[in-house]
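Visitor: Hi! Could you walk me through this structure? I'm new to this, so plain words please.

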Amino acid sequence: MQQIINLVIKYKTTLLYLLLLLISLGFTIQSHSYHHSKFFNSANWISGGIFSMSTSVSSYFDLNEENKSLLEENERLRRLLLNTPTPNELSIDTTAINYTIQTARAIKNAYAGPRNYITIDKGKKQGVTQDMGVITSLGILGIVENTSNNYATVQSILNTRSSINAKLKNTAHFGSLKWNEKQYNVVQLEEIPRLVNLKIGDTIVTGGSSSIFPENIPIGVIQKFDLTTTKNFYNIDIKLFNDMTNIKNVYIISNINQEEIRELEEATKNEQ
């Protein structure tokens, strides 16, 4: 206590000056509207900045939960979309409905070799099985090949073994989607006959003739094309919508009629 008293006595002049300064500032602010408004505007600016910073920090830590919520909402909307038949469209394709969908995350993605795979964080325990289709919000990625309890490997469309039914969106001509290993963002569409009218920029989508992918899932656009050596079919390069070097959140598609379709197809083959 004595030290405090000694400190006050030692700096009494300075303390008195500061006290009088505060009092004079208070009177000035109270008696002049301009100074009053500037003072409170400054106070509001400081408090606003603090609250803004606090909100930004809070929002940053809430991003993971918000992202999860958005993925779940996207999953619900995509399920509705996949199971809604196209109006006024005559089709004998019975695989275009009855699909389930769930979200997953890519934890490993290869794209530099001839046989590339993507590892996702869902497996048998989550209902993932072989031959399920995998897509992103932009387009197709590949097909589930192997599963463990909590993980699965997906045969990427950037795989020389991959062959996926695809079509031209505008004309509905079908072909096989393959990869020639040359570019990680370009695949090839084969078996399109020369009588088809092609244009650079035409959209390519899934054909829906298999039991894996629904019809009209985006793939990419025609980048260039020319005729094969036989002059009967086109060589077509398709620039993918997906950036295959940057895969994060994915959707796993399951056709609930797939097993029934397989059994029917096998029975038909055995009769021939």
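Guide: Happy to; we'll begin with the whole chain and then visit some residues. Keep in mind that this is a predicted model.

Visitor: Okay, how many helices and strands does the chain have?

Guide: There are four helices and twelve strands.

Visitor: And what share of the residues is buried?

Guide: Of the 272 residues in the chain, 31% are buried. The accessible surface of the chain is about 17,600 Å², and carbon and sulfur atoms account for 56% of that surface.

Visitor: What about contacts? How much do residues 24 or more positions apart account for?

Guide: They make up 58% of the contacts in the chain that have a separation of 6 or more.

Visitor: Let's go inside. Which residues touch the most other members of the largest nonpolar core?

Guide: Those are I140 and I238, in a core of 44 residues. Leaving out residues up to four places away in sequence, I140 touches a list of residues that includes V134, I157, L177, F213 and I219. Also on that list are T206, P218 and N242.

Visitor: Why would nonpolar side chains gather like that?

Guide: As a general tendency, nonpolar side chains in soluble globular proteins are buried together.

Visitor: Is there something nonpolar on the surface as well? Which residues make the nonpolar surface patch of about 270 Å²?

Guide: L19, L20 and I23 make that patch. L19 sits in helix α2, which covers residues 12–31. With a relative accessible area of 48%, L19 is partly exposed.

Visitor: New topic: charges. How many salt bridges does the structure hold?

Guide: Two. In one of them, E215 pairs with K167, and their closest N and O atoms are 2.5 Å apart.

Visitor: Where do those two lie?

Guide: E215 is in the loop between β9 and β10, while K167 is in strand β6 (residues 164–168), so the salt bridge ties together parts that are 48 residues apart in sequence.

Visitor: Are E215 and K167 buried or exposed?

Guide: Both E215 and K167 are buried.

Visitor: And the other salt bridge? What does K178 pair with?

Guide: K178 pairs with E190, with 3.8 Å between the closest N and O atoms. K178 belongs to strand β7 and E190 to strand β8, so this bridge ties together parts that are twelve residues apart in sequence.

Visitor: How accessible are K178 and E190?

Guide: K178 has 30% relative accessibility, so K178 counts as partly exposed. E190 has 32%, so E190 counts as partly exposed too.

Visitor: Cool. Now rings! How many aromatic pairs does a search of the whole structure find?

Guide: Two. One is Y111 with Y184: the ring centres are 5.9 Å apart and the planes are at 55°, so that pair is tilted. The pair links distant parts of the chain, 73 residues apart, with Y111 in the loop between β1 and β2 and Y184 in the loop between β7 and β8. Y111 is partly exposed, at a relative accessible area of 33%, and Y184 is partly exposed at 41%.

Visitor: And what angle do the planes of F225 and Y234 make?

Guide: Their planes are at 90°, with 5.5 Å centre to centre, and that pair is edge-to-face. F225 counts as partly exposed at 30% relative accessibility, whereas Y234 counts as buried at 12%.

Visitor: Can we look at strand β1? What does R105 touch?

Guide: R105, which is found in strand β1, touches T119, I120, D121, K248, N249 and V250, not counting residues up to four places away in sequence. The C-alpha atoms of R105 and K122 are 7.9 Å apart, though the two are 17 residues apart along the chain. R105 is partly exposed, with a relative accessible area of 38%.

Visitor: What is N109 in contact with?

Guide: N109 is also placed in strand β1. Setting aside neighbours within four places in sequence, its contacts are Y117, I118, M244, T245, N246 and I247. From N109 to I120 the C-alpha distance is 8.9 Å, and the two are eleven residues apart along the chain.

Visitor: Last one: where does S211 lie?

Guide: S211 lies in the loop between β9 (203–206) and β10 (218–227). S211 is buried, with a relative accessible area of 14%. Beyond its neighbours within four places in sequence, S211 is in contact with N255, Q258 and I261.

Notes:
Residues are numbered from 1 along each chain as its sequence is written. This is a predicted model: local features need pLDDT of at least 70, side-chain atom pairs count only at pLDDT 80 or more; totals for chains, interfaces and linings use all residues. Side-chain values use heavy atoms; hydrogens and water are left out. Patches are made of residues with over 30% relative accessible area and no salt bridge: like charges are joined within 9 Å, nonpolar side chains (Val, Leu, Ile, Met, Phe, Trp, Tyr) within 5 Å. Accessible areas come from the Shrake-Rupley method with a 1.4 Å probe; for residues, only the protein chains shown count as cover. A salt bridge is a side-chain nitrogen of Lys or Arg within 4 Å of a carboxyl oxygen of Asp or Glu. Buried means under 20% relative accessible area, exposed over 50%, partly exposed in between (1.4 Å probe, protein chains only). Rings of Phe, Tyr and Trp (its six-membered ring) pair if their centres lie within 6.5 Å; planes under 30 degrees apart count as stacked, over 60 as edge-to-face and the rest as tilted. Contact means heavy atoms within 4.5 Å. A nonpolar core is a set of buried Ala, Val, Leu, Ile, Met, Phe, Trp, Tyr and Cys residues joined through side-chain atoms within 4.5 Å.
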